[in-house]
Structures are given as structure tokens and as C-alpha cells.
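Student: I should like a close look at a single part of this predicted model. Please describe how one pair of helices packs, and then relate the account to other parts of the chain.

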Amino acid sequence: MTINTSENNGLKITFETNIVRVTLARPKQLNALNDSMRRTFSQLLNELMERPDIRLLVITGEGNSFCSGADLKTTSYPKVEGDWSTRRNRTATWQHLLEQLDRIPQVTIASMQGHVIGGGALLATACDFRIIAKDVKFRIPELSLGIPNVWNGTPLLAREVGLPVTRDWVMTAREVQADELYLRAWAQRLVDLDLLKDSTQALIEELLNIPAGPLALTRSMTSAIGKSKSGMNLGWADADLQQWAFTEEEHQAEVRNYTQNRKRGTQEG
């Protein structure tokens, strides 16, 4: 097996014979997402469009959590300047990445433990397979931060778990436990934490045992069905909603409260 590993901008990328593994590698920040990570990930996805020899993309998080969402300190969104067209295009960068993830020919797997929050939850939702440890805590906190759930995230969730469940998770911004994620079929596999790595490898081997052609065709088919059934074409205005929401004082105040509460919870824990 040929293994080529690189580490860049908070991501570890490992190419094996027919698999690429992406590890979110900012464990001290619970693998919070920033723009450098997005740029590196986007470049990889562009490369994978031309790599049919790679059959699977596996996404994991280093440390105790998969991903805590957007980095509220360094922010996953750099300052956006320019005319309206430029600003809305640059505001939609993470949405564009999820769209890239949906277009690549590879089957995608998210293997998760600990916190799966906000943008990290949407990144996982965009994958074909989700395998979770029993300690996973999932949350879409955007409304509690004074902004709508963007990145085309609401249609994306509705595609995977249906509209009633999506309303519950998005509108209440509540924490969802692993057993509910499995019950609602957001996760296809639920395992003990100490079995996560082995169970993920078992899923990888199951998929690699399927002939490459039919697997790639079915991946494309399910992607097309998802686009036609879930309203995924309705996210065209998300960049404008997001840019507008970021200018509101209510959002700024809620971000400060969220950051303080999270810091307080960490100290108490």
C-alpha cells in the first residue's frame, strides 16, 4: 500500500491506494473550521474530480471531537470587501465547498466522536455515510447565535432526515444525542467509542468490496435524487442572508454570549 501524508492549514491529508483520508487537525480548538482549512479542502476536492482511481474519501477529527463548527475567534469567514457580487460570492465559500463535496465521484464517509456542531455537522451531513460513536453530541446552533442556518444547510438536513426532524433540530438549536441521530437515520452506524476506528475500517472494506463502476454510478444516482427531492436548489440566497445577518448587533451579542458560556463550561468541566 502506498501512503502519502501531508499536513497543511489544520488538515492532515493521507492518500492510500484508492482512499484519501482527511483529518481535521486542530484538536485544541475542537477542530473548529477556519478559512485556511476551507481553502486546502477545496483544492483537494478539485483534485479528486480528476482522480477516479480514488474510490473513497474518509473524514475524521483528531482528538476528542469531530468538529465544533466555525472558529469564532479567528472566524471561518475572512473580512469580505468589494462590490455586492464579490461579497456574496466570497460569503458563500463554505456552501461552495459542500457543493463540491456533493459533486466528486468518490463515496464519502464521516467518522465522528464528541462534538459535531454547526458547520462540522453540515460537513458530515453532506457525506454519503456517517458513522458515530456513542459520545457524539450534535447541534445546529446558528439560530441561537442570531443568524439563519445557511450553507444550504436546512435543505441538506431535510434531504437526510426529513423536514419535521429538520425543523426540530434547527429551530430549537438543541443538543441531539447519538441514539437520536441513529434513530432518525442521520447516522447509519452507531458504535462504542473504542470501536469507532475499527468499525470505520470495516465500512471502508465493505465499500471497497463492491465493484468500482456500479458503486460510482450509484453514488451519482443518489446525489441526483437528493438534489431533486430536498429543495437543494433553494440555497441560492443563503450568501445574502448570511452577509446581512453578520451586520446585525443581535448576532454580535449572541456570539459574545455563546463564547463566554462555552468558555465557562470548559472551565467548570
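Tutor: In this predicted model, the axes of helix H5 (residues 153-161) and helix H6 (residues 163-172) approach to within 7 Å and cross at roughly 130 degrees. Because an angle of that value falls in neither the parallel, the antiparallel nor the perpendicular range, H5 is oblique to H6. The crossing of H5 past H6 is right-handed. Two packed helices are described by the angle between their axes and the distance between the axes. The residues that meet are, on the H5 side, Thr 154, Leu 157, Ala 158 and Val 161, and on the H6 side, Leu 163, Val 165, Thr 166, Trp 169 and Val 170.

The loop between H6 and strand S9 (176-177) contains Ala 173. Although Ala 173 is not a glycine, its phi is positive, at about 55 degrees. Most residues other than glycine have a negative phi. Ala 173 has a relative accessible area of 7%, so it counts as buried, the limit being under 20%. A positive phi, near 55 degrees, also occurs at Leu 30, again a residue other than glycine. Leu 30 belongs to the loop between strand S3 (19-24) and H1. With a relative accessible area of 30%, Leu 30 is partly exposed.

That loop leads to helix H1 (residues 35-48). At the N-terminal end of H1, Asn 34 acts as a cap, with a side-chain oxygen 3.2 Å from the backbone nitrogen of Ser 36. The 14 residues of H1 should span 20 Å at 1.5 Å a residue, and the end C-alpha atoms are indeed 20 Å apart, so expectation and model agree. Among the buried residues of H1 are Asp 35, Arg 38, Ser 42 and Leu 45. Arg 38 has a relative accessible area of 10% and is therefore buried. Its side chain forms a polar contact of 2.8 Å with that of Asp 35.

Beyond its neighbours within four places in sequence, Arg 38 is in contact with Thr 93, Trp 94 and Leu 97. Helix H3 comprises residues 93-103 and includes Gln 100. The contacts of Gln 100, again leaving aside neighbours within four places in sequence, are Ser 42, Leu 45 and Asn 46. Gln 100 has 9% relative accessibility, so it too counts as buried.

Notes: Residues are numbered from 1 along each chain as its sequence is written. This is a predicted model: local features need pLDDT of at least 70, side-chain atom pairs count only at pLDDT 80 or more; totals for chains, interfaces and linings use all residues. Side-chain values use heavy atoms; hydrogens and water are left out. Helices (H or I, at least four residues) and strands (E, at least two) are DSSP runs, numbered from the N terminus. Buried means under 20% relative accessible area, exposed over 50%, partly exposed in between (1.4 Å probe, protein chains only). A polar contact is a pair of N or O atoms within 3.5 Å; within protein, one must be able to donate a hydrogen and the other to accept it, and residues adjacent in sequence count only if both atoms are side-chain atoms. Contact means heavy atoms within 4.5 Å. The expected span of a helix is 1.5 Å times one less than its number of residues. Axes are lines fitted to C-alpha atoms, for helices over the stretch in contact, and angles run from 0 to 180 degrees between N-to-C directions. Angles under 35 degrees count as roughly parallel, over 145 as roughly antiparallel, 65 to 115 as roughly perpendicular and the rest as oblique. A crossing is left-handed if the near helix is turned anticlockwise from the far one by less than a right angle, and right-handed if clockwise.
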